[in-house]
Amino acid sequence: MFVKKHLLLLASACTLAFAATAQTTPWPEKPVTIVVPFPAGGSTDMVARAMALQMGEKLGQSFVVDNRPGATGTLGAGAVKRAAPDGYTLLVSSLGAFVVAPHLLKSVPYDALKDFDYITVPVQAPNVLVAAPNQKARTVKEVLAQLKANPGKVSFASSGNGSSDHLSAEVFWQQSGTEGLHIPYKGGAPAINDLLGGQVEFSFQNVNAVLQHIRAGKLHAIAVTGDKRSPVLPDVPTLAEAGVAGAEVYSWQGMAAPKGLPPALKKKLSDAAVAAMNDPAVKKRMLDQGLEIVASTPEAFTAYQAREFARWKTVIETRKITAD
């Protein structure tokens with residue numbers, strides 16, 4: 001009995017010692033991989049690379065971006081879910097993988113509410129309703145008149161089914177009691193190209209993706225989907241100001257890790273990520289492109305993710321949106 005009790009105490013002590021060691025082990029001691037579940041060159045990739053550079057400088061270790069596109073972002077997210085919760089594999093994704101794909105796809109290789117530790121939302125950006133160069137509409141009122149005169153026929157381009165620009169259009173139609181024609185593309189670039197060429201009539205695009213075209217007079221900005229005006233488009237009203245309430249949509253990026261990070265490691269990771277986004281040079285670069293710095297805490301991101309998860313579940317089911 002004494003021996004058994006002694007062994008139990010020893011095992012308990014070893015467990016506590018291991019937990020303490022896990023909490024105090026220096027991190028990072030080797031390169032950290034940031035998985036981006038989309039191709040290089042997009043907004044999410046740009047944000048991830050900016051974070052990787054700054055976090056690497058602040059923590060004295062390499063942070064390497066690994067692009068793993070496929071299955072609407074769920075391929076890369078699934079790979080991160082299966083990694084060890086040791087801080088050496090991170091995920092930076094747009095909202096798609098976190099709060100849209102789980103409702104859009106029949107099978108997703110993770111549970112978005114249970115399989116990740118949420119670290120921070122580095123940035124967000126409203127979308128902007130833009131009209132093709134050959135369109136006469138300059139106000140939301142004129143767009144609505146066009147939709148009501150031609151129900152289901154006025155075309156709205158998006159970067160794909162379930163993208164934030166597609167969802168913005170769906171919420172806009174829902175809240176205004178209208179219906180348009182959704183034209184999904186494989187990515188934002190081809191959608192914008194056809195918009196510039198007049199092959200499609202309107203689109204809700206990420207502000208940072210079309211800002212240069214708006215400033216050059218090639219696309220007409222009609223309204224933004226934020227709860228306030230965008231600092232880079234101060235003369236463009238919000239949808240609410242223009243008479244369509246309840247259609248606020250933000251495109252956002254988030255950093256997450258496999259579930260189970262030790263608390264001390266999570267705090268160190270969060271502090272480094274927030275500091276990276278608040279670096280003056282990074283901040284200016286993001287703001288100049290129309291992105292807004294959020295740099296939220298793990299607690300704030302976890303709560304926000306749950307709210308967004310519930311919101312988009314309702315929209316996708318109500319509007320009968322599918323991945324096809």
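Asp117, Lys259 and Lys266 are joined in a network of salt bridges, and that network is a good place to start reading this predicted model. Within it, aspartate 117 pairs with lysine 259, their closest N and O atoms being 3.5 Å apart. That pair ties together distant parts of the chain: aspartate 117 belongs to strand S4, while lysine 259 sits in the loop between S10 and helix H9 (263-277), 142 residues apart. Across the whole structure, a search finds 12 salt bridges and 14 aromatic pairs.

**Salt bridges**

- The two ends of the Asp117 and Lys259 pair differ in burial: aspartate 117 counts as buried because its relative accessibility is 5%, under the 20% limit.
- Lysine 259, at 48% relative accessibility, counts as partly exposed.
- Lysine 284 forms a salt bridge with aspartate 288, with 2.7 Å between the closest N and O atoms. Both residues lie in helix H10 (residues 280-288), four residues apart, which is about one turn of the helix.
- In that H10 pair, lysine 284 counts as exposed at 54% relative accessibility, whereas aspartate 288 counts as partly exposed at 41%.
- Helix H11 (residues 298-318) holds glutamate 317 and lysine 313, also four residues apart, about one turn of the helix. These two form a salt bridge whose closest N and O atoms are 2.9 Å apart.
- Glutamate 317 counts as partly exposed at 49% relative accessibility, and lysine 313 is partly exposed too, with a relative accessible area of 35%.

**Nonpolar cores**

- The largest nonpolar core has 47 residues, and those with the most contacts inside it are Val143, Phe156, Phe172, Phe202 and Trp312.
- A second, separate core contains 32 residues, among them Trp27, Leu261, Ala273 and Met277.
- If you set aside neighbours within four places in sequence, tryptophan 312 is in contact with Leu95, Val99, Val100, His103, Leu167, Val171 and Val249.

**Aromatic rings and charges over them**

- One aromatic cluster is formed by Phe98, Tyr110, Phe116, Tyr118, Trp252, Phe301 and Tyr304.
- Tyrosine 110 and phenylalanine 116, both in that cluster, make an edge-to-face pair, 5.4 Å centre to centre with 65 degrees between the planes. The label edge-to-face applies because the angle is over 60 degrees.
- Both partners of this pair are buried: tyrosine 110 has 8% relative accessibility, and phenylalanine 116 has a relative accessible area of 2%.
- The ring of tryptophan 312 has the charged end of arginine 311 sitting over it, 4.5 Å from the ring centre.
- Lysine 30 is placed in a similar role: its charged end sits over the ring of tyrosine 88, 4.8 Å from the centre.

**Helix H3 and its cover**

- Helix H3 (residues 74-81) is mostly covered, with six of its eight residues buried.
- Those buried residues are Thr74, Gly76, Ala77, Gly78, Ala79 and Val80.
- What covers them includes four strands, S1 (32-36), S3 (89-94), S4 (116-120) and S10 (250-258), together with helix H4 (95-104).
- Strand S4 is worth a second look here, since this part of the H3 cover is also where aspartate 117 of the long-range salt bridge is found.

Conventions. Residues are numbered from 1 along each chain as its sequence is written. This is a predicted model: local features need pLDDT of at least 70, side-chain atom pairs count only at pLDDT 80 or more; totals for chains, interfaces and linings use all residues. Side-chain values use heavy atoms; hydrogens and water are left out. A nonpolar core is a set of buried Ala, Val, Leu, Ile, Met, Phe, Trp, Tyr and Cys residues joined through side-chain atoms within 4.5 Å. Buried means under 20% relative accessible area, exposed over 50%, partly exposed in between (1.4 Å probe, protein chains only). Contact means heavy atoms within 4.5 Å. Rings of Phe, Tyr and Trp (its six-membered ring) pair if their centres lie within 6.5 Å; planes under 30 degrees apart count as stacked, over 60 as edge-to-face and the rest as tilted. A charge sits over a ring if NZ of Lys or CZ of Arg is within 6 Å of the ring centre and within 35 degrees of the ring normal. Helices (H or I, at least four residues) and strands (E, at least two) are DSSP runs, numbered from the N terminus. A salt bridge is a side-chain nitrogen of Lys or Arg within 4 Å of a carboxyl oxygen of Asp or Glu.
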